[in-house]
Amino acid sequence: MAWSRIARGSQLSQSLSRIVSSEGGAAPTPAASALRNAAALGHRGTRTTSSSFHNLASVALADKCGAAAAHLHHHHHPIRGFSATPAKLLPESAALPSEPSDASAALPDLGPTKPGEKPRIVVLGTGWASCRFLKDVDTSAYDVVCVSPRNHMVFTPLLASTCVGTLEFRSVVEPVSRIQPALATRPGSFFFLASCTGVDARKREVYCTVADGEGLPGDGPYRFRVAYDKLVIASGAEPLTFGIKGVEENAIFLREVNQAQQIRRKLLTNLMLSENPGLPEEEKKRLLHCVVVGGGPTGVEFSGELSDFIMRDVRDRYSHVKDYVKVTLIEANEILSSFDVGLQEYATRHLSKYGVKLVKGVVKEVLPKEIVLSDDTRVPYGLLVWSTGVGPSEFVKSLNLPKSPGGRIGIDEYLRVPSVEDVFALGDCAGFLESTGKPVLPALAQVAEREGKYLAQLLKKVAAQNAGKAHCLSKNADLGEPFVYKHIGSMASVGGYKALVDLREKKDARGISMAGFVSWFVWRSAYLTRVVSWRNRFYVAVNWTTTFVFGRDNTRIG
């Protein structure tokens, strides 16, 4: 476990004098001299100004870049753990950084890389963009540290299938240590189960918090910091609620496995509770009314899976209440607005045929047992799933970085954040700045995945130019071609062994678009080949087969 390494790291913490002694008999470099001076100050007990080891790294940047190039293939392995950085290192006359505060200087940390060590890339997040980057990053040139509150990637296109038992939850997740084994095996690479709460670009540090820090030192949440040479922000986005009252308290989103588990438990619980004696008819109807808000691909696919579950499984196993189960899909405009108009009409007809009621309206308020629409219509519900798109997270909003239209982190055509050095952003949390002349790309898995692949190749070129260390990447460095996104199409399942396939590059462009059983076969084949690993492919194939033969599993666990 990542956090057992934290405890071991604290026991293996080294003092500054030991770090300096690792220089051996070589001529002292400016950085080494600064370290010795700092160590001497500490031994004399001189009153000094609070700072971190990272402040000393800037003493000899040219020396550090040169050492990285000289020792890239015969470096010493760093210790797999944290050290408690001495809080008083600079003389009183030294310039002070404006942030962070003295309190953050005392945090346990994974300090800056030393001369002779590989440069360190810190990756925030384990979504599509970050996991593709982790898969392709050159670990012979870089150490990699991944920080995320979850230790796995979710194959989101199949997440709706897990809500009704078509697939098991483990079929759509892949541990990040399987995607990039170096995180578990290499001495200088780590995965930390934590949330990033702040970034100090001047000190090249990220600040992390473990919300559930039970068993770790301290009374409150456990906090630490990690220094970086290159930072990749791929922390994703959060569901949009448009500030509608009651959404976060009463609705369930569909972006994480734990949310899919919550939907499944709620659905099965309501089915079983509705069979209890003495329940009024209206209460049965409410309990078994499933409402989906949002007519995008996720909302439509979930509605299709739900209608399949009702038609093929509920009618056989819950025959006493089968006539009460209803599904309503609420959308302010047209469903699947990014698809071809003919496909939109096909999806509307098919969903209506399979019992999904389509309602055009805007939600004004969400109450514990009913939704209030803008025309004051009240819609009772037993299960409410909210899928209206995504927007910038609170973490992204808090960063003092330029923003693109829509509030994402602003990037240039090389996925760099122009205002700060050695920082990149990709995936749903990033968007092109207006100055690039490029539109903000949609929050799609294929966009994020290709950005991750591109950035891994770009940083490989950077390492080949001996510019992997902090401050070493010049503005005139050869980064190759800028990132260009080409849309390869969209797909969506609508239930009943039917799906939509739209292979046009743009909505108004010409291309292949089709619907029906053949499209459903293409949809399943494509996702089966795109699932993260062979392990997942095996699980998905087995789950699909058992569901076809035996039906969906309706066991309620938890």
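How close do the axes of α17 and helix α18 come, and at what angle do they cross? Hello everyone, let's start with that pair. Keep in mind that this is a predicted model. The axes of α17 and α18, the latter covering residues 534-550, come within 8 Å, and the crossing angle is roughly 145°. As for the hand, α17 and α18 cross in the right-handed sense.

Which residues meet there? From α17 we have R524, L528 and T529, and from α18 they meet R537, V540, A541 and W544. By character, the residues of this contact between α17 and α18 divide into 4 nonpolar, 1 polar and 2 charged. If you look along α17, R524 and L528 both belong to the contact. A general reminder helps here: an α-helix has 3.6 residues a turn, so residues three or four places apart point the same way.

Now let's step over to a sheet. Here we have an open sheet of 3 strands in the order β27-β28-β29, and the pairing is antiparallel. The edges are taken by β27 (490-495) and β29 (513-516); each has a single partner strand, so one side of each has no neighbour in the sheet. From one strand to the next, the twist averages 10°. Zooming in, β28, residues 498-502, pairs with β29 over 4 bridges in the antiparallel sense. If you want a spot to click on, D502 sits opposite S513 of β29.

What packs on this sheet? One helix is α14, residues 341-353, which touches β27, β28 and β29, with its direction making about 170° with that of β28. Another is our friend α17, residues 517-530, which also touches β27, β28 and β29, but the direction of α17 makes about 75° with that of β28. So α17 appears twice in this talk: it packs on the sheet, and its axis comes within 8 Å of that of α18.

There is a second sheet to show you. The order is β19-β20-β21, 3 strands in an open sheet with antiparallel pairing. At its edges stand β19 (363-366) and β21 (378-380), each with a single partner strand, so again one side of each is left without a neighbour in the sheet. The twist in this one averages 25° from one strand to the next. Strand β20, residues 370-373, pairs with β19 over 3 bridges, in the antiparallel sense, and V363 has L373 in β20 as its bridge partner.

Back to helices, with another pair. Helix α6 (residues 128-136) and helix α16 (residues 445-464) have axes that come within 7 Å and cross at roughly 35°, and the crossing is right-handed. On the α6 side, the contact is made by W128, A129, R132, F133 and D136; the α16 side includes A445, A448, E449 and G452. The residues of this contact of α6 with α16 divide into 8 nonpolar, 1 polar and 4 charged.

What about the length of α16? Its 20 residues should span 28 Å at 1.5 Å a residue, and the end C-alpha atoms are 29 Å apart, which agrees. Just after α16, N466 has a positive phi of about 55°.

Last stop: helix α13, residues 297-317. It has 21 residues and reaches 29 Å from its first C-alpha to its last, close to the 30 Å expected. Where does α13 bend? The bend is at I310, by about 40°. Thanks for listening!

Definitions and conventions. Residues numbered from 1 in each chain as written. Predicted model: local features only at pLDDT ≥ 70, side-chain atom pairs only at ≥ 80, totals over all residues. Heavy atoms only, no water. Helix = DSSP H or I, 4+ residues; strand = E, 2+ residues; numbered from the N terminus. Expected span 1.5 Å × (residues − 1). Bend = angle between axes of the 7 residues up to and from the residue. Axes fitted to C-alpha atoms, helices over the stretch in contact; angles between N-to-C directions. Left-handed = near helix turned anticlockwise from the far one by under 90°. Contact = heavy atoms within 4.5 Å. Nonpolar A, V, L, I, M, F, W, Y, C, P; charged D, E, K, R; others polar. Pairing = 2+ DSSP bridges.
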